[in-house]
Amino acid sequence: MPYFLGYTYVAVFLLFGILIPVGALLANRLLAPRHPDPEKLQAYECGLATPSDNTLPYNVRYYIFALLFVVFDVETIFLYPWAVAFNRLGLFAFVEMIVFIGILVVGLVYAWKKRLLEWL
Amino acid sequence: MPSLGDFLAVGAGLFVLGLFGALMKRTAVAVLMGIELMLNAANLNLVAFAAFSGRISGQIFALFVIALAAAEVAVGLAILLSLFRSRATVRMDDIDLLKG
Amino acid sequence: MPEAFGILTLATLGGALGVVLATDVVHSAYFLVLAFLGVAGYYFLLGGEFVGAVQILIYAGAVAVLFLFAVMLTRRRADPVWGRSPARWLGVGGAAALLAWLLLTHLERHPWPTKLPPPAPHNTALIGKALFRPFVVPFEVVSVLLLAALVGALLLARKEGGAS
(Lines give C-alpha, C1' and ligand atoms only; values in the text may rest on other atoms or scores of the structure.)
Protein backbone atom coordinates (compact mmCIF):
# COMPACT_ATOMS: atom_id res chain seq x y z
CA MET A 1 0.00 0.00 0.00
CA PRO A 2 2.37 2.73 -1.25
CA TYR A 3 0.02 5.61 -0.35
CA PHE A 4 0.32 4.97 3.37
CA LEU A 5 4.09 4.38 3.20
CA GLY A 6 4.47 8.14 2.84
CA TYR A 7 3.22 8.44 6.41
CA THR A 8 6.20 6.44 7.70
CA TYR A 9 8.11 9.73 7.96
CA VAL A 10 5.28 11.22 10.00
CA ALA A 11 5.33 8.17 12.27
CA VAL A 12 9.11 8.48 12.78
CA PHE A 13 8.83 12.19 13.62
CA LEU A 14 5.92 11.47 15.95
CA LEU A 15 7.90 8.71 17.68
CA PHE A 16 10.87 11.01 18.31
CA GLY A 17 8.59 13.85 19.30
CA ILE A 18 7.11 11.61 22.01
CA LEU A 19 10.36 9.88 23.02
CA ILE A 20 12.45 13.02 23.60
CA PRO A 21 10.20 14.76 26.18
CA VAL A 22 9.31 11.44 27.85
CA GLY A 23 13.03 10.61 28.02
CA ALA A 24 13.87 14.01 29.49
CA LEU A 25 11.19 13.71 32.17
CA LEU A 26 12.21 10.13 32.91
CA ALA A 27 15.89 11.07 33.25
CA ASN A 28 14.92 13.84 35.64
CA ARG A 29 12.82 11.44 37.69
CA LEU A 30 15.66 8.89 37.85
CA LEU A 31 18.56 11.26 38.52
CA ALA A 32 17.13 13.95 40.80
CA PRO A 33 17.05 13.35 44.57
CA ARG A 34 13.53 13.21 45.96
CA HIS A 35 12.64 13.34 49.63
CA PRO A 36 9.04 14.59 49.70
CA ASP A 37 7.25 15.65 52.89
CA PRO A 38 3.88 17.42 53.33
CA GLU A 39 5.51 20.85 53.75
CA LYS A 40 7.42 20.52 50.49
CA LEU A 41 4.42 19.27 48.54
CA GLN A 42 2.41 22.43 49.17
CA ALA A 43 1.92 24.79 46.27
CA TYR A 44 4.48 27.59 46.55
CA GLU A 45 2.99 31.05 46.83
CA CYS A 46 5.55 33.64 47.97
CA GLY A 47 5.99 31.91 51.31
CA LEU A 48 2.40 32.54 52.39
CA ALA A 49 -0.12 29.83 53.17
CA THR A 50 -2.06 28.90 50.04
CA PRO A 51 -5.69 30.10 50.02
CA SER A 52 -8.12 27.25 49.52
CA ASP A 53 -9.90 28.55 46.43
CA ASN A 54 -7.51 28.56 43.51
CA THR A 55 -9.88 29.77 40.82
CA LEU A 56 -8.23 33.07 40.02
CA PRO A 57 -9.96 35.62 37.85
CA TYR A 58 -7.67 35.53 34.83
CA ASN A 59 -7.47 38.32 32.33
CA VAL A 60 -10.05 37.95 29.57
CA ARG A 61 -7.32 38.91 27.06
CA TYR A 62 -6.27 35.26 27.09
CA TYR A 63 -9.56 34.42 25.48
CA ILE A 64 -9.44 37.35 23.07
CA PHE A 65 -6.03 36.33 21.74
CA ALA A 66 -7.14 32.70 21.41
CA LEU A 67 -10.21 33.94 19.55
CA LEU A 68 -8.16 35.99 17.10
CA PHE A 69 -5.86 33.00 16.64
CA VAL A 70 -8.77 30.67 15.81
CA VAL A 71 -10.28 33.03 13.23
CA PHE A 72 -7.00 33.59 11.40
CA ASP A 73 -6.16 29.91 11.69
CA VAL A 74 -9.36 29.20 9.77
CA GLU A 75 -8.28 31.79 7.21
CA THR A 76 -5.01 29.87 6.78
CA ILE A 77 -6.76 26.61 5.97
CA PHE A 78 -8.37 28.31 2.98
CA LEU A 79 -5.14 30.04 1.96
CA TYR A 80 -3.17 26.80 1.84
CA PRO A 81 -5.05 24.90 -0.92
CA TRP A 82 -5.25 28.14 -2.86
CA ALA A 83 -1.46 28.50 -2.70
CA VAL A 84 -0.91 24.86 -3.71
CA ALA A 85 -3.22 25.11 -6.75
CA PHE A 86 -2.23 28.70 -7.55
CA ASN A 87 -0.49 27.91 -10.86
CA ARG A 88 -3.64 26.37 -12.32
CA LEU A 89 -6.16 28.84 -10.96
CA GLY A 90 -5.46 32.13 -12.72
CA LEU A 91 -6.47 35.71 -12.03
CA PHE A 92 -10.06 35.00 -10.92
CA ALA A 93 -8.95 32.99 -7.90
CA PHE A 94 -6.36 35.64 -7.06
CA VAL A 95 -9.01 38.37 -6.98
CA GLU A 96 -11.35 36.13 -4.95
CA MET A 97 -8.63 35.52 -2.39
CA ILE A 98 -7.86 39.24 -2.16
CA VAL A 99 -11.56 39.85 -1.43
CA PHE A 100 -11.52 37.04 1.17
CA ILE A 101 -8.48 38.44 2.95
CA GLY A 102 -9.85 41.99 2.64
CA ILE A 103 -13.06 41.06 4.45
CA LEU A 104 -11.11 39.43 7.27
CA VAL A 105 -8.71 42.36 7.53
CA VAL A 106 -11.76 44.47 8.44
CA GLY A 107 -12.06 42.32 11.56
CA LEU A 108 -8.39 42.77 12.37
CA VAL A 109 -8.70 46.54 11.96
CA TYR A 110 -11.73 46.48 14.27
CA ALA A 111 -9.74 44.63 16.94
CA TRP A 112 -6.86 47.05 16.47
CA LYS A 113 -9.00 50.17 16.71
CA LYS A 114 -10.73 48.87 19.84
CA ARG A 115 -7.23 48.39 21.32
CA LEU A 116 -7.81 44.67 21.82
CA LEU A 117 -4.38 43.76 20.46
CA GLU A 118 -2.58 45.33 23.44
CA TRP A 119 -1.88 43.51 26.67
CA LEU A 120 -3.23 45.66 29.46
CA MET B 1 -10.80 -3.82 5.25
CA PRO B 2 -13.44 -1.59 6.88
CA SER B 3 -16.49 -0.85 4.74
CA LEU B 4 -18.31 2.44 4.37
CA GLY B 5 -20.86 1.14 6.88
CA ASP B 6 -18.14 0.80 9.53
CA PHE B 7 -17.19 4.46 9.20
CA LEU B 8 -20.85 5.45 9.35
CA ALA B 9 -21.31 3.30 12.45
CA VAL B 10 -18.45 5.13 14.19
CA GLY B 11 -20.06 8.40 13.12
CA ALA B 12 -23.37 7.24 14.59
CA GLY B 13 -21.66 6.28 17.86
CA LEU B 14 -19.89 9.63 18.05
CA PHE B 15 -23.15 11.48 17.38
CA VAL B 16 -25.07 9.57 20.04
CA LEU B 17 -22.33 10.17 22.63
CA GLY B 18 -22.26 13.86 21.73
CA LEU B 19 -26.04 14.10 22.05
CA PHE B 20 -25.96 12.33 25.39
CA GLY B 21 -23.23 14.65 26.66
CA ALA B 22 -24.98 17.79 25.42
CA LEU B 23 -28.19 16.84 27.22
CA MET B 24 -26.71 15.38 30.42
CA LYS B 25 -23.95 17.84 31.29
CA ARG B 26 -24.58 20.78 33.62
CA THR B 27 -21.57 22.92 32.69
CA ALA B 28 -22.20 24.97 29.57
CA VAL B 29 -18.63 24.38 28.32
CA ALA B 30 -19.23 20.62 28.43
CA VAL B 31 -22.51 21.06 26.55
CA LEU B 32 -20.60 22.85 23.78
CA MET B 33 -18.12 19.96 23.73
CA GLY B 34 -21.02 17.57 23.11
CA ILE B 35 -22.15 19.72 20.20
CA GLU B 36 -18.61 19.63 18.78
CA LEU B 37 -18.66 15.83 18.96
CA MET B 38 -21.91 15.77 16.97
CA LEU B 39 -20.43 18.08 14.31
CA ASN B 40 -17.39 15.81 14.09
CA ALA B 41 -19.66 12.82 13.56
CA ALA B 42 -21.34 14.60 10.64
CA ASN B 43 -17.94 15.51 9.21
CA LEU B 44 -16.76 11.93 9.45
CA ASN B 45 -19.79 10.82 7.44
CA LEU B 46 -19.15 13.48 4.79
CA VAL B 47 -15.50 12.52 4.33
CA ALA B 48 -16.33 8.79 4.33
CA PHE B 49 -18.95 9.22 1.61
CA ALA B 50 -16.57 11.42 -0.37
CA ALA B 51 -13.79 8.84 -0.19
CA PHE B 52 -15.95 5.85 -1.14
CA SER B 53 -17.60 7.69 -4.04
CA GLY B 54 -14.24 8.98 -5.29
CA ARG B 55 -15.40 12.59 -5.36
CA ILE B 56 -13.94 15.60 -3.60
CA SER B 57 -17.11 17.58 -2.75
CA GLY B 58 -17.61 15.85 0.59
CA GLN B 59 -14.20 16.95 1.75
CA ILE B 60 -14.97 20.55 0.80
CA PHE B 61 -18.21 20.34 2.79
CA ALA B 62 -16.23 19.02 5.76
CA LEU B 63 -13.84 21.96 5.40
CA PHE B 64 -16.71 24.43 5.50
CA VAL B 65 -18.24 22.66 8.50
CA ILE B 66 -14.92 22.91 10.35
CA ALA B 67 -14.74 26.64 9.61
CA LEU B 68 -18.33 27.14 10.79
CA ALA B 69 -17.74 25.04 13.91
CA ALA B 70 -14.71 27.13 14.84
CA ALA B 71 -16.75 30.32 14.48
CA GLU B 72 -19.60 28.76 16.47
CA VAL B 73 -17.32 27.75 19.35
CA ALA B 74 -15.71 31.19 19.41
CA VAL B 75 -19.08 32.96 19.69
CA GLY B 76 -20.57 30.33 22.02
CA LEU B 77 -17.73 30.58 24.50
CA ALA B 78 -17.76 34.40 24.30
CA ILE B 79 -21.47 34.35 25.20
CA LEU B 80 -20.59 32.04 28.07
CA LEU B 81 -17.89 34.37 29.40
CA SER B 82 -20.26 37.31 29.18
CA LEU B 83 -22.90 35.25 31.01
CA PHE B 84 -20.37 34.28 33.68
CA ARG B 85 -19.54 37.94 34.24
CA SER B 86 -23.14 38.98 34.74
CA ARG B 87 -24.47 35.93 36.61
CA ALA B 88 -21.29 34.33 38.05
CA THR B 89 -22.30 30.85 36.91
CA VAL B 90 -21.96 28.59 33.88
CA ARG B 91 -24.31 25.89 35.15
CA MET B 92 -27.22 25.40 32.79
CA ASP B 93 -29.64 24.82 35.71
CA ASP B 94 -28.85 28.22 37.23
CA ILE B 95 -29.59 30.12 34.02
CA ASP B 96 -33.36 30.23 34.38
CA LEU B 97 -34.16 33.92 34.12
CA LEU B 98 -36.83 33.33 31.48
CA LYS B 99 -38.65 30.55 33.30
CA GLY B 100 -41.14 32.98 34.86
CA MET C 1 -5.64 -1.22 7.76
CA PRO C 2 -8.24 -3.00 9.98
CA GLU C 3 -5.79 -2.65 12.89
CA ALA C 4 -5.50 1.09 12.28
CA PHE C 5 -9.29 1.32 12.09
CA GLY C 6 -9.62 -0.50 15.41
CA ILE C 7 -7.11 1.74 17.18
CA LEU C 8 -8.77 4.88 15.81
CA THR C 9 -12.21 3.64 16.86
CA LEU C 10 -10.87 3.03 20.36
CA ALA C 11 -9.39 6.55 20.48
CA THR C 12 -12.43 8.30 19.01
CA LEU C 13 -15.24 6.58 20.90
CA GLY C 14 -13.12 6.27 24.05
CA GLY C 15 -12.38 9.99 23.87
CA ALA C 16 -16.04 10.83 23.33
CA LEU C 17 -17.03 8.60 26.25
CA GLY C 18 -14.40 10.33 28.37
CA VAL C 19 -15.82 13.75 27.48
CA VAL C 20 -19.22 12.63 28.74
CA LEU C 21 -18.11 10.73 31.85
CA ALA C 22 -15.28 12.95 33.13
CA THR C 23 -16.21 14.83 36.31
CA ASP C 24 -13.75 17.68 35.76
CA VAL C 25 -14.31 19.90 32.70
CA VAL C 26 -10.56 20.10 32.08
CA HIS C 27 -10.41 16.31 31.75
CA SER C 28 -13.35 16.51 29.36
CA ALA C 29 -11.33 18.95 27.24
CA TYR C 30 -8.35 16.56 27.09
CA PHE C 31 -10.61 13.65 26.13
CA LEU C 32 -12.12 15.90 23.46
CA VAL C 33 -8.65 16.39 21.95
CA LEU C 34 -8.22 12.60 21.88
CA ALA C 35 -11.54 12.20 20.03
CA PHE C 36 -10.57 14.96 17.56
CA LEU C 37 -7.23 13.25 16.86
CA GLY C 38 -9.03 9.94 16.29
CA VAL C 39 -11.33 11.56 13.74
CA ALA C 40 -8.29 13.12 12.05
CA GLY C 41 -6.83 9.61 11.81
CA TYR C 42 -9.96 8.41 9.98
CA TYR C 43 -9.55 11.26 7.49
CA PHE C 44 -5.98 10.16 6.75
CA LEU C 45 -7.19 6.57 6.42
CA LEU C 46 -9.81 7.72 3.90
CA GLY C 47 -7.23 9.61 1.83
CA GLY C 48 -8.43 13.05 2.88
CA GLU C 49 -4.97 14.30 3.80
CA PHE C 50 -5.82 17.97 3.82
CA VAL C 51 -9.00 17.63 5.86
CA GLY C 52 -7.07 15.48 8.34
CA ALA C 53 -4.38 18.14 8.73
CA VAL C 54 -7.05 20.82 9.11
CA GLN C 55 -8.80 18.71 11.74
CA ILE C 56 -5.60 18.57 13.80
CA LEU C 57 -4.79 22.25 13.25
CA ILE C 58 -8.24 23.70 13.92
CA TYR C 59 -9.93 21.23 16.24
CA ALA C 60 -7.15 19.56 18.21
CA GLY C 61 -5.16 22.82 18.20
CA ALA C 62 -7.15 26.00 18.11
CA VAL C 63 -10.61 24.95 19.32
CA ALA C 64 -9.12 22.93 22.19
CA VAL C 65 -7.14 26.00 23.31
CA LEU C 66 -10.30 28.08 23.15
CA PHE C 67 -12.12 25.53 25.33
CA LEU C 68 -9.28 25.44 27.86
CA PHE C 69 -9.16 29.24 28.11
CA ALA C 70 -12.92 29.36 28.59
CA VAL C 71 -12.62 26.80 31.41
CA MET C 72 -9.79 28.84 32.91
CA LEU C 73 -11.82 32.05 32.88
CA THR C 74 -14.95 30.62 34.48
CA ARG C 75 -15.42 28.83 37.78
CA ARG C 76 -14.76 25.13 37.70
CA ARG C 77 -17.15 22.81 39.45
CA ALA C 78 -17.49 19.04 39.44
CA ASP C 79 -20.04 17.94 36.85
CA PRO C 80 -20.68 14.19 37.12
CA VAL C 81 -23.32 12.75 34.81
CA TRP C 82 -24.32 10.15 37.39
CA GLY C 83 -25.46 12.95 39.68
CA ARG C 84 -28.43 13.75 37.45
CA SER C 85 -31.98 12.77 38.34
CA PRO C 86 -33.27 9.30 37.40
CA ALA C 87 -35.97 10.91 35.25
CA ARG C 88 -33.32 12.68 33.19
CA TRP C 89 -31.27 9.50 32.87
CA LEU C 90 -34.36 7.67 31.68
CA GLY C 91 -35.33 10.38 29.18
CA VAL C 92 -31.94 11.26 27.72
CA GLY C 93 -30.49 7.77 28.04
CA GLY C 94 -33.59 6.27 26.44
CA ALA C 95 -33.54 8.78 23.58
CA ALA C 96 -29.82 8.24 22.94
CA ALA C 97 -30.19 4.45 23.06
CA LEU C 98 -33.18 4.58 20.72
CA LEU C 99 -31.28 6.77 18.25
CA ALA C 100 -28.24 4.47 18.38
CA TRP C 101 -30.44 1.42 17.86
CA LEU C 102 -32.27 3.00 14.89
CA LEU C 103 -29.06 4.17 13.19
CA LEU C 104 -27.12 0.95 13.72
CA THR C 105 -29.88 -1.45 12.65
CA HIS C 106 -30.47 0.54 9.47
CA LEU C 107 -26.74 0.71 8.78
CA GLU C 108 -26.56 -3.05 9.15
CA ARG C 109 -29.29 -3.71 6.62
CA HIS C 110 -27.72 -1.77 3.78
CA PRO C 111 -25.01 -3.40 1.60
CA TRP C 112 -22.21 -0.85 1.90
CA PRO C 113 -19.26 -0.80 -0.52
CA THR C 114 -16.17 -2.34 1.06
CA LYS C 115 -13.60 -1.32 -1.53
CA LEU C 116 -12.09 2.10 -1.04
CA PRO C 117 -11.11 3.62 -4.41
CA PRO C 118 -7.42 4.53 -4.43
CA PRO C 119 -7.07 8.06 -3.08
CA ALA C 120 -6.54 10.64 -5.81
CA PRO C 121 -3.04 12.16 -5.79
CA HIS C 122 -2.57 15.87 -5.03
CA ASN C 123 -5.47 15.99 -2.60
CA THR C 124 -4.72 19.57 -1.54
CA ALA C 125 -4.47 20.88 -5.10
CA LEU C 126 -7.78 19.19 -5.95
CA ILE C 127 -9.41 20.92 -2.98
CA GLY C 128 -7.90 24.23 -4.07
CA LYS C 129 -9.34 23.84 -7.56
CA ALA C 130 -12.79 22.78 -6.33
CA LEU C 131 -12.81 25.67 -3.87
CA PHE C 132 -12.55 28.22 -6.66
CA ARG C 133 -14.70 26.59 -9.35
CA PRO C 134 -18.00 25.29 -7.93
CA PHE C 135 -17.60 26.55 -4.37
CA VAL C 136 -16.58 30.19 -4.80
CA VAL C 137 -19.76 31.67 -3.33
CA PRO C 138 -19.74 29.62 -0.11
CA PHE C 139 -16.03 30.38 0.16
CA GLU C 140 -16.67 34.12 0.15
CA VAL C 141 -19.65 33.72 2.48
CA VAL C 142 -17.34 31.98 4.96
CA SER C 143 -15.19 35.12 5.12
CA VAL C 144 -18.24 37.24 5.95
CA LEU C 145 -19.31 34.69 8.57
CA LEU C 146 -15.84 34.69 10.12
CA LEU C 147 -15.87 38.49 10.22
CA ALA C 148 -19.28 38.50 11.92
CA ALA C 149 -18.14 35.84 14.41
CA LEU C 150 -14.91 37.72 15.13
CA VAL C 151 -16.54 41.09 15.74
CA GLY C 152 -19.45 39.58 17.68
CA ALA C 153 -17.25 37.43 19.90
CA LEU C 154 -14.86 40.31 20.58
CA LEU C 155 -17.78 42.53 21.52
CA LEU C 156 -19.15 39.89 23.90
CA ALA C 157 -15.84 38.95 25.48
CA ARG C 158 -14.57 42.50 25.98
CA LYS C 159 -14.75 43.49 29.62
CA GLU C 160 -16.12 47.00 29.14
CA GLY C 161 -18.57 45.89 26.41
CA GLY C 162 -22.14 44.62 26.82
CA ALA C 163 -25.23 46.15 28.31
CA SER C 164 -24.34 45.67 31.97
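Two residues are in contact if their C-beta atoms, placed from the backbone, lie within 7 Å. The exercises below use a predicted model.

**Exercise 1.** Leaving aside neighbours within four places in sequence, find the residues with which Ala74(B) is in contact.

*Solution.* Start with chain A: Ala74(B) is in contact with Leu67(A), Val70(A) and Val71(A). Then turn to chain C, where the contacts of Ala74(B) are Leu66(C), Ala149(C) and Ala153(C). Next, place Ala74(B) in the largest nonpolar core, which has 110 residues. Ala74(B) is among the members that touch the most other members, together with Leu67(A), Val29(B), Ala70(B), Leu66(C) and Ala70(C). Helix H2 (residues 28-53) of chain B supplies the largest share of this core, 17 residues.

**Exercise 2.** Describe the helices of chain A, and check the span of helix H4 (residues 61-84) of chain A.

*Solution.* Chain A has 5 helices and 0 strands, and its pattern along the sequence is α-α-α-α-α. For the span, take the 24 residues of H4(A) at 1.5 Å a residue, which should give 34 Å. The expected span is 1.5 Å times one less than the number of residues. The end C-alpha atoms of H4(A) are 34 Å apart, so the two values agree.

**Exercise 3.** Which residues of H4(A) are buried, and against what do they pack?

*Solution.* The buried residues are Tyr63(A), Ile64(A), Ala66(A), Leu67(A), Val70(A), Val71(A), Val74(A), Glu75(A), Ile77(A), Phe78(A), Pro81(A) and Trp82(A). Within chain A, they pack against helix H5 (91-113). In chain B their partner is helix H3 (57-87), and in chain C they pack against H3, H5 and H6. For chain A as a whole, buried residues make up 16% of the 120 residues.

**Exercise 4.** Describe the contact between chain C and chain B.

*Solution.* Count the residues on each side: 66 come from chain C and 60 from chain B. On the side of chain C, the elements that give two or more residues are helices H1 (2-21), H2 (25-45), H3 (49-73), H4 (86-109), H5 (123-132) and H6 (136-157). H3(C) gives the most, with 12 residues. By type, this side of chain C divides into 52 nonpolar, 12 polar and 2 charged residues.

**Exercise 5.** Is Asp6(B) buried, partly exposed or exposed?

*Solution.* Asp6(B) lies in helix H1 (residues 4-24) of chain B. A residue is buried at 20 or more C-beta neighbours within 10 Å and exposed at 12 or fewer. Asp6(B) has 17 inside 10 Å, so Asp6(B) counts as partly exposed. From Ala69(B), Asp6(B) is 63 residues away in sequence and 25 Å away in space, C-alpha to C-alpha.

Technical notes:
Residues numbered from 1 in each chain as written. Chains lettered and ligands numbered in written order. Predicted model: local features only at pLDDT ≥ 70, side-chain atom pairs only at ≥ 80, totals over all residues. Helix = DSSP H or I, 4+ residues; strand = E, 2+ residues; numbered from the N terminus. Nonpolar A, V, L, I, M, F, W, Y, C, P; charged D, E, K, R; others polar. Core = buried A, V, L, I, M, F, W, Y, C linked by C-beta atoms within 7 Å.
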